[in-house]
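Here is a friendly walk through the empty spaces of this model and the elements around them. Have the viewer open as you read.

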Amino acid sequence: MVEPADVQKGLEDVIALESRICYIDGKGGRLIYDGYDIRDLAANSNFEEVAYLLWYGRLPTSTQLAELKQRLAGLRELPAPVLRLLTAMPRDALPMDVLRTVVSALAVYEPDETKPGEASIGGAQRLSAILPAILGTIHRLRNGLPALAPRPELSHASWLLYAIRGTDSNELETRALDVALILHADHELNASTFAARVTASTLSDLYSAVTSAIGTLKGPLHGGANERVMELLEEIGTPEKAEEVVRAKLARHERIMGFGHRVYKVEDPRATILREWSKRIGEAKGNLRYYDLLRAVEGVVHREKGLYPNVDLYSGSVYTLLGIPKDLFTPVFAASRVAGWTAHVLEEYQDLRLIRPTARYVGPVDLVYSPIGSRG
Ligand code: SDX
C-alpha cells in the first residue's frame with residue numbers, strides 16, 4: 001500500500017488530474033485557454049467563440065461559429081414548467097439559490113440532456129444559452145415585471161444585458177460584458193469546477209454537475225467577493241478615506257475582498273484587463289468614482305500586505321456601470337463559467353476516473369461499545 005503523501009489542506013498545490021482546457025501560470029501571471037493567452041482572447045474574441053474553444057479544444061471556423069451562435073440563440077426559451085417554478089419563488093430569495101434550484105429542476109424536463117457522456121455538448125450549449133434567461137427572469141419577476149421573450153438576433157453578451165435590464169445595450173456596453181464573460185469562462189480547477197468534475201467522475205449527469213458547481217460558487221470565498229468590494233467602496237466613500245478604512249480592517253485581520261489568490265502570486269491577468277474596462281466604461285458614463293476608489297484601495301493593500309488584485313476587484317464596478325444589480329454579479333459569473341464547467345465535465349467523461357481522495361484518520365480506534373443506559 002503506497003503511503004499517502006502529507007496532508008495538503010485545501011488540496012493546495014495538489015495535481016489532481018491532467019487537462020488540456022486551462023493553464024494558469026501563477027508566478028508569471030498568465031492565463032491560457034487551450035493554448036490561447038487570455039489577453040489575446042479578451043482583445044479579439046467573444047464569449048461564443050471562447051465557449052467553442054473550451055468545448056472542442058480549437059477555435060471555430062467562421063461557419064462553425066455562425067452555427068454555434070445560431071444554436072445558442074435558439075436555446076434561450078424557458079420551458080413553461082420552469083417559468084412556473086420561477087414565478088412561485090419568493091421575491092426575496094437569493095438569486096444564487098434560485099439559479100441552483102432552477103438548473104436542477106431543468107434536468108427533470110430535459111431528460112435527453114442528462115444522460116452521462118452522451119448528449120453533453122447539447123446540454124452544455126443548452127445551459128450556456130438558458131442561464132441568462134433564468135437570471136434575467138429572476139430579476140424581472142422580483143420587480144413585478146413579466147419575463148422577457150428571447151431575442152435570437154442578439155449576441156450572447158447583448159442578450160444577457162437585455163435579459164437583465166430589459167433595454168438594448170450599446171456597442172461599448174456589450175463589448176465590456178463580452179470581455180468579462182471571456183475572462184470568467186474558465187479557471188482550471190477552481191472550487192466550483194472541481195465540484196463539477198467530482199460529480200461527473202461518478203458518471204452522474206451534466207445538469208447535476210452544474211448544479212454542484214453553482215452551489216459551490218455561492219460560497220463567499222469563491223463567488224460574491226465583487227459584491228463585497230462594492231460595499232467596501234460605499235463604506236470608504238472617497239479616495240482620501242481609503243487608507244484609514246483599509247488599514248483599520250487589516251488591523252482587525254479582516255480580508256479585503258478582491259485581493260489575494262490561491263494560485264496567482266502576482267497580479268491576476270483578468271484584474272489587469274478589468275481595470276482597463278472599469279476606466280473605459282467609467283469615462284464613457286462620466287463616472288470614474290468607482291475606478292478612483294479602487295485605485296486608492298489597491299495602493300493601500302499592496303503597500304500594507306503585498307497582495308495583488310484578483311478578478312473580483314474591478315468586475316463589480318464594470319457590472320454596476322452596466323446597470324447589473326449587485327446580487328446578480330455571481331449569477332453573471334455562473335452564466336460565463338458554465339462554459340468552463342461543462343467543458344471540464346466533457347473532459348472528465350472522455351477520460352473517466354472516479355475522484356476519490358483519502359483522509360488521514362486521526363480519531364480513536366478499538367473503543368468498546370457501551371449500552372446507552374450506562375453512559376450517564
Ligand atoms: C475567485 O480558485 C480560483 O481560481 C477562483 C477564481 C476563479 O476564477 O474561479 O479565481 C475566482 O474565487 C477569486 C477570489 C475571490 N475571493 C476573494 O477576493 C476573497 C478574499 N481573498 C481571500 O479570501 C484569499 O486570498 C483567497 C481565498 C482568494 C485565497 O486564499 P488562500 O490561498 O487560502 O490564502 P490564505 O487564506 O492562506 O492567506 C495567505 C495570507 C494570510 O495571511 P497570514 O494569516 O498568513 O498572515 O494572506 C492573507 C491571509 O490573511 N490574505 C489576505 C487576503 N487574502 C489572503 N489578507 C487580507 N485580505 C485578503 N484578501
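In the lining counts below, Ala, Val, Leu, Ile, Met, Phe, Trp, Tyr, Cys and Pro count as nonpolar, Asp, Glu, Lys and Arg as charged, and the others, Gly among them, as polar. With that in hand, the lining of the largest pocket divides into 21 nonpolar, 11 polar and 14 charged residues. Please keep in mind that this is a predicted model.

**The largest pocket**

The largest pocket has a volume of about 1800 Å³. Its lining is made up of 46 residues, and those nearest its centre are N190, A191, H261, R262 and V263. Three elements, β1, α9 and α16, each supply at least two residues of this lining. The most comes from β1, which gives three residues.

Where does β1 sit in its sheet? The sheet is open, has three strands in the order β1-β2-β3, and pairs in the antiparallel sense. Its edge strands are β1 (22-25) and β3 (36-37), each of which pairs on one side only. Strand β2 (residues 30-33) is joined to β1 by four antiparallel bridges. If you would like one pair to look at, Y23 has I32 of β2 as its bridge partner.

Another contributor to the pocket lining is α9. This helix (residues 191-201) is mostly covered, with eight of its 11 residues buried. The buried ones are S192, T193, A195, A196, R197, T199, A200 and S201. They pack against α10 (206-217) and α16 (329-350), and α16 also supplies at least two residues of the pocket lining. After α9 comes L203, whose phi is positive, near 70°.

**Two closed cavities**

Rolling a probe the size of a water molecule over the atoms shows where empty space is left. How many cavities of 30 Å³ or more are there? The count comes to two. The table sets them side by side.

| Cavity | Volume | Most lining residues from | Make-up of lining |
|---|---|---|---|
| Largest cavity | about 90 Å³ | α6, four residues | seven nonpolar, one polar, two charged |
| Second largest cavity | about 40 Å³ | α6, four residues | four nonpolar, two polar, one charged |

The largest cavity is lined by L86, M89, P90, R91, A93, V98, T137, I138, L141 and R142. Helix α6, which spans residues 120-142, gives the most to that lining. Around the second largest cavity you will find A133, G136, T137, R140, L148, W159 and A163. Here the elements that give two or more residues are α6 and α7 (156-165). T137 is worth selecting in your viewer, as this residue appears in the lining of the largest cavity and also in that of the second largest.

**A buried aspartate in a loop**

One more stop is D268, placed in the loop between α12 (242-251) and α13 (269-285). Is D268 buried or exposed? With a relative accessible area of 1%, D268 is under the 20% cut-off and therefore counts as buried.

What does D268 touch, leaving aside its neighbours within four places in sequence? The contacts are with H261, P309, N310 and V311. For V311 there is a further detail: its backbone nitrogen lies 3.0 Å from a polar atom of the D268 side chain. H261 leads back to the start of this tour, being one of the residues that lie nearest the centre of the largest pocket.

Methods:
Residues are numbered from 1 along each chain as its sequence is written. This is a predicted model: local features need pLDDT of at least 70, side-chain atom pairs count only at pLDDT 80 or more; totals for chains, interfaces and linings use all residues. Side-chain values use heavy atoms; hydrogens and water are left out. Buried means under 20% relative accessible area, exposed over 50%, partly exposed in between (1.4 Å probe, protein chains only). A polar contact is a pair of N or O atoms within 3.5 Å; within protein, one must be able to donate a hydrogen and the other to accept it, and residues adjacent in sequence count only if both atoms are side-chain atoms. Contact means heavy atoms within 4.5 Å. Two strands pair if DSSP finds at least two bridges between them. On a 1 Å grid over the protein atoms alone, a cavity is a set of points where a 1.4 Å probe fits but cannot get out, and a pocket is an open set with protein on both sides within 12 Å along at least five of seven lines; lining residues have an atom within 4 Å of a point. Grid points are joined across faces, edges and corners, and a volume is the space filled by probe spheres set on the points.
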